[in-house]
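Subject: Structure handover

Dear colleague,

Here is the structure I said I would pass on. My notes follow below it.

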Amino acid sequence: MIEAVRARIQPEDPGDDFEVYAENWRSVLFFLQVSTQWKAISGMERVQRIGLNYAGVETQMPRDRRQRRKLWADLLVMERAALRAFNDEPEPEDED
(Lines give C-alpha, C1' and ligand atoms only; values in the text may rest on other atoms or scores of the structure.)
Protein backbone atom coordinates (compact mmCIF):
# COMPACT_ATOMS: atom_id res chain seq x y z
CA MET A 1 0.00 0.00 0.00
CA ILE A 2 2.79 2.44 0.88
CA GLU A 3 4.47 1.86 -2.47
CA ALA A 4 1.16 2.44 -4.29
CA VAL A 5 0.72 5.79 -2.55
CA ARG A 6 4.34 6.74 -3.19
CA ALA A 7 3.86 5.95 -6.89
CA ARG A 8 0.89 8.38 -7.06
CA ILE A 9 2.72 11.22 -5.34
CA GLN A 10 4.96 13.16 -7.67
CA PRO A 11 6.68 16.07 -5.87
CA GLU A 12 7.05 19.26 -7.88
CA ASP A 13 10.56 19.72 -6.53
CA PRO A 14 12.56 16.59 -5.74
CA GLY A 15 14.36 18.68 -3.10
CA ASP A 16 11.14 18.58 -1.06
CA ASP A 17 11.38 14.81 -0.57
CA PHE A 18 11.64 13.52 2.97
CA GLU A 19 11.74 10.14 4.59
CA VAL A 20 8.84 8.81 6.64
CA TYR A 21 9.43 5.80 8.84
CA ALA A 22 7.01 2.96 8.17
CA GLU A 23 5.53 3.18 11.69
CA ASN A 24 4.63 6.84 11.06
CA TRP A 25 3.20 6.46 7.57
CA ARG A 26 -0.42 6.09 8.70
CA SER A 27 -0.14 9.24 10.83
CA VAL A 28 1.30 11.25 7.95
CA LEU A 29 -1.47 10.08 5.64
CA PHE A 30 -4.05 11.00 8.29
CA PHE A 31 -2.52 14.46 8.69
CA LEU A 32 -2.77 14.98 4.94
CA GLN A 33 -6.35 13.64 4.96
CA VAL A 34 -7.48 16.26 7.49
CA SER A 35 -5.49 19.10 5.94
CA THR A 36 -8.73 20.84 4.95
CA GLN A 37 -9.61 21.30 8.63
CA TRP A 38 -7.34 24.29 9.40
CA LYS A 39 -8.88 27.17 11.35
CA ALA A 40 -7.51 30.57 10.42
CA ILE A 41 -7.96 34.24 11.19
CA SER A 42 -7.51 36.97 8.65
CA GLY A 43 -5.67 40.18 9.43
CA MET A 44 -4.79 43.25 7.43
CA GLU A 45 -1.57 41.76 6.10
CA ARG A 46 -2.04 38.00 6.10
CA VAL A 47 -4.02 34.96 7.09
CA GLN A 48 -2.78 33.18 10.19
CA ARG A 49 -3.62 29.55 10.87
CA ILE A 50 -4.47 28.96 14.52
CA GLY A 51 -4.92 25.19 14.60
CA LEU A 52 -6.95 22.30 13.36
CA ASN A 53 -10.71 22.07 13.76
CA TYR A 54 -10.72 19.08 16.10
CA ALA A 55 -14.44 18.42 15.61
CA GLY A 56 -13.80 17.97 11.90
CA VAL A 57 -10.72 15.86 12.56
CA GLU A 58 -12.68 13.68 15.00
CA THR A 59 -15.08 12.58 12.25
CA GLN A 60 -12.17 11.00 10.38
CA MET A 61 -10.66 9.14 13.34
CA PRO A 62 -10.79 5.33 13.48
CA ARG A 63 -12.89 3.74 16.19
CA ASP A 64 -10.08 1.64 17.65
CA ARG A 65 -8.82 3.37 20.84
CA ARG A 66 -5.19 2.38 20.39
CA GLN A 67 -5.09 3.71 16.84
CA ARG A 68 -6.86 6.91 17.94
CA ARG A 69 -4.36 7.60 20.75
CA LYS A 70 -1.38 7.24 18.43
CA LEU A 71 -2.98 9.33 15.68
CA TRP A 72 -3.93 12.13 18.12
CA ALA A 73 -0.45 12.23 19.63
CA ASP A 74 1.22 12.26 16.23
CA LEU A 75 -1.28 14.77 14.84
CA LEU A 76 -0.57 17.23 17.65
CA VAL A 77 3.17 17.07 16.96
CA MET A 78 2.63 17.65 13.24
CA GLU A 79 0.09 20.41 13.91
CA ARG A 80 2.56 22.35 16.10
CA ALA A 81 5.31 22.00 13.50
CA ALA A 82 2.98 23.02 10.67
CA LEU A 83 1.74 26.07 12.60
CA ARG A 84 5.33 27.23 13.13
CA ALA A 85 6.02 26.83 9.41
CA PHE A 86 2.74 28.44 8.27
CA ASN A 87 3.08 31.37 10.62
CA ASP A 88 6.83 31.89 10.16
CA GLU A 89 7.58 31.22 13.83
CA PRO A 90 11.09 30.17 14.91
CA GLU A 91 11.80 26.65 16.05
CA PRO A 92 11.77 26.32 19.86
CA GLU A 93 15.17 25.86 21.43
CA ASP A 94 15.88 22.51 23.05
CA GLU A 95 16.11 22.64 26.82
CA ASP A 96 18.85 20.44 28.24
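Gly51 is in contact with Gln37, Trp38, Lys39, Glu79 and Leu83, leaving aside its neighbours within four places in sequence. The model is a predicted one. Gly51 belongs to strand S2, which covers residues 47-52. Its relative accessible area is 3%, so Gly51 is buried. Between the C-alpha atoms of Gly51 and Leu83 there are 7.0 Å, although the two residues are 32 apart along the chain.

The residues on either side of Gly51 are worth setting out as well. Ile50 also lies in strand S2. Its relative accessibility is 46%, and therefore Ile50 counts as partly exposed. With neighbours within four places in sequence left aside, Ile50 is in contact with Lys39, Ala40, Ile41 and Leu83. Ile50 and Arg80 are 30 residues apart in sequence, and their C-alpha atoms are 9.8 Å apart in space. For Leu52, again without neighbours within four places, the contacts are Val34, Gln37, Trp38, Lys39, Val57, Leu75 and Glu79.

Leu52 leads on to the core. The largest nonpolar core has 15 residues, and Leu52 is one of those with the most contacts inside it, together with Phe30, Phe31, Val34, Trp38, Val57 and Leu75. Helices H2 and H4 (65-86) each supply at least two residues of this core. H4 gives the largest share, five residues.

Two further buried residues sit in these helices. Ser27 is in helix H2. Ser27 has a relative accessibility of 4% and so counts as buried. Beyond its neighbours within four places in sequence, Ser27 is in contact with Lys70, Leu71, Asp74 and Met78. Arg84 is placed in helix H4. Arg84 counts as buried because its relative accessibility is 18%, and the cut-off for buried is under 20%. Its contacts, with the same neighbours left aside, are Glu89, Pro90, Glu91 and Pro92.

Next, a pocket. The second largest pocket holds about 210 Å³ of space. Its lining consists of Phe18, Glu19, Val20, Tyr21, Asn24, Val28, Phe31, Leu32 and Met78. By type, seven of these lining residues are nonpolar, one is polar and one is charged. Helix H2 (residues 25-33) gives the most to the lining, with three residues. Two names in the lining come up elsewhere in these notes: Phe31 is among the residues with the most contacts inside the largest nonpolar core, and Met78 is in contact with Ser27.

Last, the chain as a whole. The chain has four helices and two strands, in the order α-α-β-β-α-α along the sequence. Of its 96 residues, 26% count as buried. The accessible surface of the chain is about 7,900 Å², and carbon and sulfur atoms account for 51% of that. Taking contacts between residues at least 6 apart in sequence, 47% join residues at least 24 apart. The contact of Gly51 with Leu83 is one such case, the two being 32 residues apart along the chain.

Regards

Terms used:
Residues are numbered from 1 along each chain as its sequence is written. This is a predicted model: local features need pLDDT of at least 70, side-chain atom pairs count only at pLDDT 80 or more; totals for chains, interfaces and linings use all residues. Side-chain values use heavy atoms; hydrogens and water are left out. Buried means under 20% relative accessible area, exposed over 50%, partly exposed in between (1.4 Å probe, protein chains only). Contact means heavy atoms within 4.5 Å. Accessible areas come from the Shrake-Rupley method with a 1.4 Å probe; for residues, only the protein chains shown count as cover. On a 1 Å grid over the protein atoms alone, a cavity is a set of points where a 1.4 Å probe fits but cannot get out, and a pocket is an open set with protein on both sides within 12 Å along at least five of seven lines; lining residues have an atom within 4 Å of a point. Grid points are joined across faces, edges and corners, and a volume is the space filled by probe spheres set on the points. Ala, Val, Leu, Ile, Met, Phe, Trp, Tyr, Cys and Pro count as nonpolar, Asp, Glu, Lys and Arg as charged, and the others, Gly among them, as polar. A nonpolar core is a set of buried Ala, Val, Leu, Ile, Met, Phe, Trp, Tyr and Cys residues joined through side-chain atoms within 4.5 Å.
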